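Here are some notes for a first reading of the structure below. Please keep the model open beside the text and find each residue as it comes up.

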Amino acid sequence: MAKDKTLYSCNACGGQTPKWTGQCPHCGEWNTLVESLAAASTARFVPLADQRRGSVLLPDIPAVSTQRHQTGMAEFDRVLGGGWVPGAVMLLGGDPGIGKSTLLLQTLAKVAENRRTLYVTGEESLEQIALRAQRLGLAAAPVEMLAEIQLERILAMMAETRPEIVVIDSIQTMYSDALQSAPGSVGQVRECAAQLTRQAKRLGLATVLVGHVTKDGAIAGPRVLEHIVDTVLYFEGDTHSNFRLVRAIKNRFGPVNELGVFAMTERGLREVGNPSALFLSGQRSEVPGSCVVATLEGTRPLLVEVQALVDTVQGGIPRRLSVGLEPQRLAMLLAVLHRHGGVDCGQQDVFINAVGGVRISEPAADLAVTLAVYSSITNRSLRDKLIVFGEIGLTGEIRPVQRGQERLKEAAKMGFTHALIPNMNKPRQRIENMHVECVATVSEAIQRCRAEA
Ligand code: TYD
Ligand code: MG
């Protein structure tokens, strides 16, 4: 078979050239050209989703509600929005060794009890997987295994055995005959993902692609991969702690930012149904530099301890380091703390950390960060059994957050007795065993803490 002609297309502008150059001749960007297939092979332009000819009026299209199947792993189903959808393509990204292969093997083993499945491995040998299955107590699960990295053969296998759910572990190890570049190159990853997506839609089978994460945290391969697939899931967590979180970044069939929580044990991943108290350091006595925030992950309130350490600069420029919280936001909060709270960290190193390897992107954590920093710099602990939440604005005002009542209730359930929250989140009804104080500004919040300490 003659090889298809290859072209180089620009990741930035989409322009094409027959020869690779460092700079795109169309838009002038550097290092954006990647190998792709020549446009001449028109058969390649098959739409990703099913399409019909001509236009139709929206009301005339029957809205078929998506039917879902449960995987049997409740936490995984929760992230997917209630189960997997036939024909959906999911991308699961995460650091090496975080547990992607383990999670998917466990999931397929559950699904295989009453459906046909296929696990394609390009990284580990079948024997290695059998060993893992044994360790997980899944050696008897009827999951069909295939050790293969050549895309066309995988597509043929999918068409032949018609599984309902397929796992490709990982997309970076697969290659298509149509391209000459090595597996893992941008062109290959994109081509393989597109072909697998087409096949998944055509046969109505759900596909999970495992994707590696590069050093700077993005799924290797072009961003376009995230556009091709229906759902993007990230597996996160601190490899030093046992907890693992699966988060939906994009989901065409359900909500995003829903969180699945697992614990890694010696017998694989165990689901954690009620994670609200996981991210507390367990250190109950009062220590300076610690503040608990009631944050919201998807639909569930989660209590997370935010720790801060403020220390005199050891020569050079003051450092601001944040683990699990947004670094830009930290800089802003320190400025607000200075201007509106009268607390100066200008000549101090500031480190903040969300306990347990969790990542908080919600601005509701602003107040907790600010108070943790304040507590560390004054070396005075905040009140015991205190939870806070609230977004902070540039003028020092404390803005309300969503679903304050629920956060307070969860905190009360976990034994917290005091809350410091935005004025506008004042609960309408009294909350059992919870003393709630409302504040409108950062300086007010600091005054309260000063009075209580
Ligand atoms: P793995 O699923 O291979 O990660 P990935 O596919 O994301 O690279 O997970 C491997 C890690 O999980 C490894 O460090 C060992 C650990 N592990 C357990 O702690 N318990 C277990 O039962 C299994 C199978 C793995
Ligand atoms: Mg793996």
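**Notes on the model**

1. P96 sits in the loop that runs between β4 and α2. Is P96 buried or exposed? With a relative accessibility of 62%, P96 is exposed, because the cut-off for that class is over 50%. P96 is separated from V213 by 117 residues in sequence, yet the two C-alpha atoms are 7.7 Å apart in space. This is a predicted model, and the points below should be read with that in mind.

2. The overall figures come next. The protein has 453 residues, and 49% of them count as buried. Its secondary structure amounts to 10 helices and 21 strands. The C-alpha trace spans about 80 × 55 × 50 Å when taken along its principal axes.

3. L92 belongs to strand β4, which covers residues 89-94. L92 has a relative accessible area of 1%, so it is classed as buried. A second pair can be set beside that of P96 and V213: L92 and K413 are 321 residues apart in sequence, and their C-alpha atoms are 33 Å apart in space.

4. Which residues are closest to ligand 1? The shell around the ligand holds 16 residues, and the closest are G97, S101, T102, T265 and G268. By class, the shell divides into 4 nonpolar, 6 polar and 6 charged residues.

5. Three polar pairs at ligand 1 can be checked on screen. At G97, a backbone N or O atom is 2.7 Å from an oxygen atom of the ligand. At K100, a polar backbone atom lies 2.8 Å from a ligand oxygen. At S101 the side chain takes part: one of its N or O atoms is 2.6 Å from an oxygen atom of ligand 1. Taken on its own, ligand 1 has 560 Å² of accessible area, and the protein covers 75% of this. The elements that each supply two or more residues to the shell are α2 (100-111), α3 (126-136) and β11 (259-265).

6. T71 is placed in the loop between β3 (33-37) and α1 (74-80). T71 is buried, because its relative accessibility is 2%, and the cut-off for buried is under 20%. Two contacts involve its side chain. A polar atom of the T71 side chain lies 3.1 Å from the backbone nitrogen of M73. The side chains of T71 and D77 are joined by a polar contact of 2.7 Å.

7. R407 may deserve a second look, as a charged residue with a relative accessible area of 0%, which makes it buried. R407 is part of helix α9, residues 404-413. What does the side chain of R407 contact? Its partner is the side chain of E362, in a polar contact of 2.7 Å.

8. Now the nonpolar interior. In soluble globular proteins, nonpolar side chains tend to be buried together. Here the largest nonpolar core contains 61 residues, and L371, V373 and I387 have the most contacts inside it. Helix α8 (residues 366-378) contributes the largest share of this core, with 7 residues. Domain 2 (70-273) and domain 3 (278-452) each give at least three residues to the core.

9. Some backbone angles should be checked by eye. Most residues other than glycine have a negative phi, and most peptide bonds are trans. K385 is not a glycine, but its phi is positive, at about 60 degrees. K385 lies in the loop between α8 and β17 (386-388), and it counts as partly exposed because its relative accessibility is 30%.

10. N433 also has a positive phi, near 60 degrees, and is a residue other than glycine. N433 is found in the loop between β20 (418-422) and β21 (435-439). Its relative accessibility is 62%, so N433 is exposed.

11. The last point concerns a peptide bond. Which form does the bond from D169 to S170 take, cis or trans? The bond is cis, with omega near 0 degrees. S170 is located in the loop between β7 (165-169) and α5 (186-203).

Key:
Residues numbered from 1 in each chain as written. Chains lettered and ligands numbered in written order. Predicted model: local features only at pLDDT ≥ 70, side-chain atom pairs only at ≥ 80, totals over all residues. Heavy atoms only, no water. Near = heavy atom within 4 Å. Polar contact = N/O pair within 3.5 Å; in protein donor to acceptor, adjacent residues only side chain to side chain. Areas by Shrake-Rupley, 256 points an atom, 1.4 Å probe, with all protein chains shown as cover. Helix = DSSP H or I, 4+ residues; strand = E, 2+ residues; numbered from the N terminus. Core = buried A, V, L, I, M, F, W, Y, C linked by side-chain atoms within 4.5 Å. Buried < 20%, exposed > 50% of the residue type's maximum accessible area, 1.4 Å probe, protein only. Domains from an automatic or database assignment.
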